[in-house]
Amino acid sequence: MHYFVTALREHPELAIFLTLALGFAIGRIKIGSFSLGTVVGTLLAGVVIGQLDIQVPAIVKNVFFDLFLFTTGYKVGPQFFRGLKKDALPQLLVTVVLCVTCLIAAFVAAKIFRYDMGTAAGLLAGAFTESTVIGTAGDAINRLALPKDEKTALINNIPVAYAVTYLIGTAFIVWFLPSIGPRLMGVNLKEEAKKARSESGVAEEKEPGVQSAFMNFAVRAYRVTNERMIGKTVGQVEALPKDVRVFISRIRHAGVIVEARPDSVIHKDDVVAVMTRSEALMARGTVIGPEENDRELLDFPVEVLDVVVTNRAIVGKTIADLATMEAARGVFLRLLTRVGQVMPFSAQTRVDRGDVLNLIGAKPDVERAAREIGYADRPTITTDMIFVGLGIFFGGLVGLLTLVVGGLPITLTASGGALIMGLVFGWLRAVHPTFGRIPEPAMWVFDTVGLTVFIGVVGLGAGPSFVSGLQRSGMSLVLVGLVVAVLPHVTAILFGRYVLRMNPLILLGACAGAGTITAALRALQEESQSKLPALGYTVPYALGNILLTAWGPVIVALLS
């Protein structure tokens, strides 16, 4: 045992990795459908191991925290700037109301119960599951003109309050939004979802990891016998159906296979490869003529490709508008992804800059469409570390600047600056996606590992004082955390429904986004049996991350 303890004390990097391993294991434990998650699991593991009095240099947590915050900004940057547009104003207002209310609620609670600034910051972080507040508030406390011991005590109080209130901020709100939220508005989520689907024609997706055996798009070969099509060009034949997009990809004429162009003429007994939605082929394919088993004709490369929307000319256009573009011939949209969320879409859905369109079609057609829409986002394992390094560096310089408001010195801190520069760089990446690539696996490491290492080190440092702090304020914090967590959501729901007249599904999705509670979005989707709440999630999630992170130094300044 002495060897084990000595090894951890002399080599704190071993303690960090042990904390990560135990924290992720704790985070996977489920009680029913609830789990603590990796962040709280890592914090608790750090607290337990921290009882051994392990000293980890502060620079370690700062490096990983900056990396995490930059990645957060990078992911939400396009949607953050999208939120500044006029058509996103209702979601923007709901987010501001919710986030400002949460700051006021935490501040008033701290004044009433005489919480110190560390406890107040932890209350704010836990009640709104915004782990970044731990870092930004801690940085702000370190900049105060206080004795070192007092700073340490205040900073150690942050994770104590966070751990106590996190369960309320997560579990209760995940239940509250889909269960109580609709009652506050007098609506039924399932009925609202059905009504929205009937009005928009939006198709629902299967649960993650499950897909239908039915193929949405297919290619089949038919021998042309229909007199209406003989002698017409490919373009004329493709224009015949008014309610479905149909394309002829290849033609076998007189035994020779040729690539179909819009001006290619179709002759009697030609065999054509037709690409369209499967239901259209099954219902009307034989109108062309009898189906043929022509493997050689159908054996051409089909590509499925993610394309990032960057072309200003198509930003704001509907899916229906894109379908009429000459470059879209032979190409179909499979999925639309926005800020990592797969979005439901219909013909009237408008595309935003930074959206990822998953296209399918013959390879030359998909490549042509990709050039017109924006940037082909092909899989890669390489991260642009020049982009990441400079982003965090310049962000840190900006964050260290101090602004005096009403006699209170306000600073973003270096970490907050990394978040802001992540927003800017994420937007630049969406506009000019030829640089600044961070592949999804690397983003997971920067995001998840960056945050959990930071939280683990916080737990290790707070370990010795954690138990005593919990004994002093545990039960009162639970009740206060419940009020602080619920009040802003109630305010935002009433404001959004009765002042802004927002759709209930979009409004509740906006509340989940503004509170940065992805689990609540999943709960809303399950309760409504619809993906539609995601339409209100992305812009509030982007803005909510920024505002809640900024509240860390703000609440410290207000209470100092």
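## A buried strand, a buried helix and two unusual loop residues

Val304 stands across from Ile360 in strand E11. That pair is a good way into this predicted model, so to speak, with E11 as the place to begin.

Strand E11 covers residues 356–362, and seven of its seven residues are buried. On one pairing, E11 runs antiparallel to strand E8 (residues 302–309), with seven bridges joining them. E11 also pairs in the antiparallel sense with strand E9 (residues 331–338), this time over six bridges. In that pairing, Val331 has Gly361 of E11 as its bridge partner.

Now for helix H6, residues 117–127. What makes H6 largely enclosed by the rest of the structure? 11 of its 11 residues are buried, so the helix is largely enclosed. Among the buried residues are Met117, Thr119, Leu123 and Leu124. At the start of H6, Asp116 puts a side-chain oxygen within 2.9 Å of the backbone nitrogen of Gly118. After the helix comes Thr129, with a positive phi near 45 degrees.

Two loop residues also have a positive phi without being glycines: Asp53 and Arg114. Here they are side by side.

| Residue | Phi | Loop between | Relative accessible area |
|---|---|---|---|
| Asp53 | about 60 degrees | H3 (37–50) and H4 (58–82) | 43%, partly exposed |
| Arg114 | about 55 degrees | H5 (89–113) and H6 | 76%, exposed |

Arg114 counts as exposed because its 76% relative accessibility is over the 50% cut-off. Its loop leads from H5 to H6, the helix whose 11 residues are buried.

How values were computed:
Residues are numbered from 1 along each chain as its sequence is written. This is a predicted model: local features need pLDDT of at least 70, side-chain atom pairs count only at pLDDT 80 or more; totals for chains, interfaces and linings use all residues. Side-chain values use heavy atoms; hydrogens and water are left out. Buried means under 20% relative accessible area, exposed over 50%, partly exposed in between (1.4 Å probe, protein chains only). Helices (H or I, at least four residues) and strands (E, at least two) are DSSP runs, numbered from the N terminus. A polar contact is a pair of N or O atoms within 3.5 Å; within protein, one must be able to donate a hydrogen and the other to accept it, and residues adjacent in sequence count only if both atoms are side-chain atoms. Two strands pair if DSSP finds at least two bridges between them.
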